[in-house]
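Colleague: Please take me through the charged side-chain pairs in this one, slowly and up close. Anything on the backbone and the strands that you'd want me to look at can follow.

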Amino acid sequence: MEINNWINLRRSMKKKVGALFITYNANINQLKKNIETVLKQVNACVIVDNGSKNIDQLVQFSRRQNITLIKLEKNYGIAAAQNQGFKYFDKHKFEWVLTLDQDSLLPDNTMYEFELTGKMNDVDTGIIAASYFDKNWTETQKRALVYQGNESVIEKKFVISSGNLVNVVAWRGVRGFDERLFIDMVDYDFDARLIISGFKIWQSNLVIMEHAIGTVLHRPILERLLLLPETGLLSDHPAFRQYYIYRNTIIFYKRYPNLKKKKLLIPRSFFATRRMLVYQDSITKLKYSWKGIIDGIRYDPKKDLEFLDTLRRIEGKDEASD
């Protein structure tokens, strides 16, 4: 079936698919471009806004596009915003939700290729993800980070949150996204819960999303002086993000030692913060990243009652579809 014919049939197909965009001070023109590409591929689109300063523009835009806008009074983080969106789609009996950041651009054949994988028919599919790249990556980074094989669909353990087609039953079964993580590693934590519950994560290598993770920098001389790997990414983020990146990474490894292990986690985390010296406002970001590491050290999953309760629930696979 040709893509154009498939798009015309999309809205009448049995499986209801919604698109969920999370916004925070979004560039409206870029968001419009991204939504227009996705809107014709799904049954409905929802924007959850995390307390943006340009909310009036977003309200006008959503009205013109006839898109549901859920306004949060402040920035509650990506996990809380995603949960709000999923609750909306769950209430309206949608089966799948396509999750997207405001700066993620999917091709217009995304849902067509996702359907062709056949994985939407498997009850144990938790996520079908797009492959992605950042146009600012070097050729070396692209070769290292983008799948170079011949398989059109591969099973993955961990995928970023944007460009994911998520099974609503799976989201409900693992109790959604952990809002206490706020932003970074929310996706990997969710992936881990899915795996523990018995769901599978697939990646379609025929769907390649353009996606930006922070501001990618290239400082060859400094990178060599700081002994940074050639394939590593220098993605500049605000200081508060550096805090969550380092804190939540440690929390993640402590929570799921059987899924992903890292030797000398704490020393390596401190050593990794040397990349702050390449970024703007480096001293402030270094302080925030160290504070994140210290709070990560203090975290004990055995004392995290909410996490333990969730873990007990999802380990009982017969409860995953409650």
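Modeller: Start at D309 and R312, which form a salt bridge with their closest N and O atoms 4.0 Å apart; the term covers a side-chain nitrogen of Lys or Arg within 4 Å of a carboxyl oxygen of Asp or Glu. Both residues sit in helix α13 (residues 305-315), three residues apart, or about one turn of the helix. Helices (H or I, at least four residues) and strands (E, at least two) are DSSP runs, numbered from the N terminus. R312 is exposed, with a relative accessible area of 55%, while D309 is partly exposed at 33%. For the cut-offs, buried is under 20% relative accessible area, exposed is over 50%, and partly exposed is in between (1.4 Å probe, protein chains only).

Bear in mind that this is a predicted model, where local features need pLDDT of at least 70 and side-chain atom pairs count only at pLDDT 80 or more, while totals for chains, interfaces and linings use all residues. Numbering starts from 1 along each chain as its sequence is written, and side-chain values use heavy atoms, with hydrogens and water left out.

Across the model, the salt bridges come to 19. One of them brings K135 and E210 together, at 4.0 Å from N to O. That pair links distant parts of the chain, 75 residues apart: K135 belongs to the loop between β5 (125-133) and α6 (139-145), and E210 to strand β8 (residues 200-210). K135 is exposed, its relative accessible area being 59%, and E210 is partly exposed at 29%.

Now go to D189 and R255, whose closest N and O atoms are 2.8 Å apart in their salt bridge. Here too distant parts of the chain are linked, with D189 in helix α8 (residues 186-197) and R255 in helix α10 (residues 239-255), 66 residues apart. Look at their surroundings, and you'll find both D189 and R255 buried. Follow the shared partners and you get one network of salt bridges that joins D178, R180, D189, R193, R255, D304 and E306.

On the backbone, two residues are worth a click. K93 has a phi near 65°, a positive value in a residue other than glycine. You'll find K93 in the loop between α4 (78-91) and β4 (96-101), and it is exposed at 66% relative accessibility. R175 also has a positive phi, about 65°, and is not a glycine either. Its place is the loop between α7 (168-173) and α8, where R175 is partly exposed at 39% relative accessibility.

The loop with K93 leads into β4, so let's finish on that strand, which is largely enclosed by the rest of the structure because six of its six residues are buried. W96, L98 and L100 point one way from β4, whereas V97, T99 and D101 point the other way. What does β4 pair with? Strands pair if DSSP finds at least two bridges between them. Strand β1 (residues 17-23) runs parallel to β4 and is joined to it by six bridges, with V17 opposite W96. Strand β7 (residues 164-167) pairs with β4 in the antiparallel sense, over four bridges. To find your way into that second pairing, look for T99 in β4, which stands opposite N164 in β7.
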